[in-house]
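Colleague: I should be grateful for a close look at a single part of this model, namely its nonpolar interior. Please describe how that part is built and what packs around it.

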Amino acid sequence: MPVISSVLPWHEESLRALVSRRDRMPHALLVSGPAGVGKGLFARSLAQTLLCEAPKGQLACGECPACNWFSQGNHPDFREVIPEADEESPEGDVDSDDARESKAKSLVIKIGQVRAVSDFMTLSTHRAGFRVLILRPAEAMQAAAANALLKTLEEPPPATAIVLVSDQPSRLLPTIRSRCQTVILPAPPIASALAWLRAQSVESPEEVLALAGGAPLLARDLADSEAAAWRRRAIAELARPDGAAALNFAAGIDKGRVEPLLFVLQTWVEDLVRVKSGAHPRRHRGSDGALRAKARRARLDRLLGFDRELTQARRLANHPLNPRLFAEHLLLSYNRATLD
Ligand SMILES: [Zn+2]
């Protein structure tokens, strides 16, 4: 697979700017920006470009041994640390499917994982070039893991790039942030995002891109037909004049639906606040009429209060919990915020 194609078009400029001074690469980078713009892919493109042994026009060639190892996931000078299930978290009385799901969802980067890469960080590199470590999402690091990483950042080994990826950099230790050079990846220009979505055969790209707040990878996920069908049901529920049938609808919410439900609620409430304030909806543009009808009976202060509640709820969404009760609680709160 030619590697060039793995660089998202809206990232190419930032990538070139970084690697044009590969002899002065910062030891630590913090790649941040909204969710769904491709930060993880950017970090990987950067890693491959630094490891490539015959870069073409500054970017990875996709053909040399280093590029081949990289695309097969076994370049000896590359490591990527992603969250593992936190076995110490309490598990609810869930059936085995749910248990598997919650294992996949209760995700943290543990100190053991950071320690496990310490040999990698201190031994000499295999290919006499760069060594690259990616941690993502960096805010998933537990406190002990963050402190262990901090020691490495304080005395970085030579020819090493540590790339932290985060859409919530404010949740990182300030001492970690201050040791990283920040690379901010904003949502791309709309035309560029739409062109990319069309190339991915996404239907109604304008609609999903608006819903995703301009983040193309998120838009692509939202376009998935099963996800879209469920979302339509959820929106129909929120649009009901007499309020969502909270208990009924929540009964169908399992672990896998917690995140989609939060997303629909947050974007829907964002639009209700906009409509209530006299603006046009930005996310659910096709639901203008339903939003207006709901906004008429809603109170702005209650909507804003519910929005804060959703922000809190999002912090819990990755932890084991009872999805049905979680959904029930949020939908009842939604009804209180939108019915006079
Ligand atoms: Zn190469």
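Modeller: In this predicted model, the largest nonpolar core has 60 residues, and those with the most contacts inside it are Val 31, Val 132, Val 163 and Leu 164. Helix H2, which spans residues 39-51, supplies the largest share of this core, with 6 residues. In soluble globular proteins, nonpolar side chains tend to be buried together.

Val 132 may serve as a point of entry. Setting aside neighbours within four places in sequence, Val 132 is in contact with Ala 47, Leu 50, Leu 51, Asp 77, Phe 78, Ala 161 and Val 163. Ala 47, Leu 50 and Leu 51 fall within the residue range of H2.

Ala 161 also appears among the contacts of His 27. This histidine lies in the loop between helix H1 (12-19) and strand S1 (28-32). Beyond its neighbours within four places in sequence, His 27 is in contact with Pro 156, Thr 160, Ala 161 and Ile 162. His 27 counts as partly exposed because it has 17 C-beta neighbours inside 10 Å, where 20 or more would be required for a buried residue. The C-alpha atoms of His 27 and Glu 155 are 9.6 Å apart in space, although 128 residues separate the two in sequence.

The interior does not consist of this core alone: a second, separate core of 26 residues includes Ala 244, Ala 295, Ala 327 and Ala 337. Ala 327 leads to a pair of helices, since it is one of the residues through which H17 contacts H14. The axes of H14 (residues 255-276) and H17 (residues 323-338) come within 10 Å and cross at roughly 15°. As this angle is under 35 degrees, H14 is roughly parallel to H17. Their crossing is left-handed. H14 contributes Lys 255, Arg 257, Val 258, Leu 261 and Leu 265 to the contact, while H17 contributes Pro 323, Phe 326, Ala 327, Leu 330 and Tyr 334. By class, these residues comprise 8 nonpolar, no polar and 2 charged.

H14 also packs with helix H12 (residues 225-239), at an angle of about 50° and with the axes 10 Å apart. H12 is therefore oblique to H14. This crossing is right-handed. On the H12 side the contact is made by Ala 227, Trp 230, Arg 231, Ala 234, Ile 235 and Leu 238, and on the H14 side by Pro 260, Leu 261, Val 264 and Trp 268. The contact of H12 with H14 has 9 nonpolar, no polar and 1 charged residues. Leu 261 of H14 takes part in the contacts with both H17 and H12.

Terms used. Residues numbered from 1 in each chain as written. Predicted model: local features only at pLDDT ≥ 70, side-chain atom pairs only at ≥ 80, totals over all residues. Core = buried A, V, L, I, M, F, W, Y, C linked by C-beta atoms within 7 Å. Buried ≥ 20, exposed ≤ 12 C-beta atoms within 10 Å, placed from the backbone. Helix = DSSP H or I, 4+ residues; strand = E, 2+ residues; numbered from the N terminus. Contact = placed C-beta atoms within 7 Å. Axes fitted to C-alpha atoms, helices over the stretch in contact; angles between N-to-C directions. Parallel < 35°, antiparallel > 145°, perpendicular 65-115°, else oblique. Left-handed = near helix turned anticlockwise from the far one by under 90°. Nonpolar A, V, L, I, M, F, W, Y, C, P; charged D, E, K, R; others polar.
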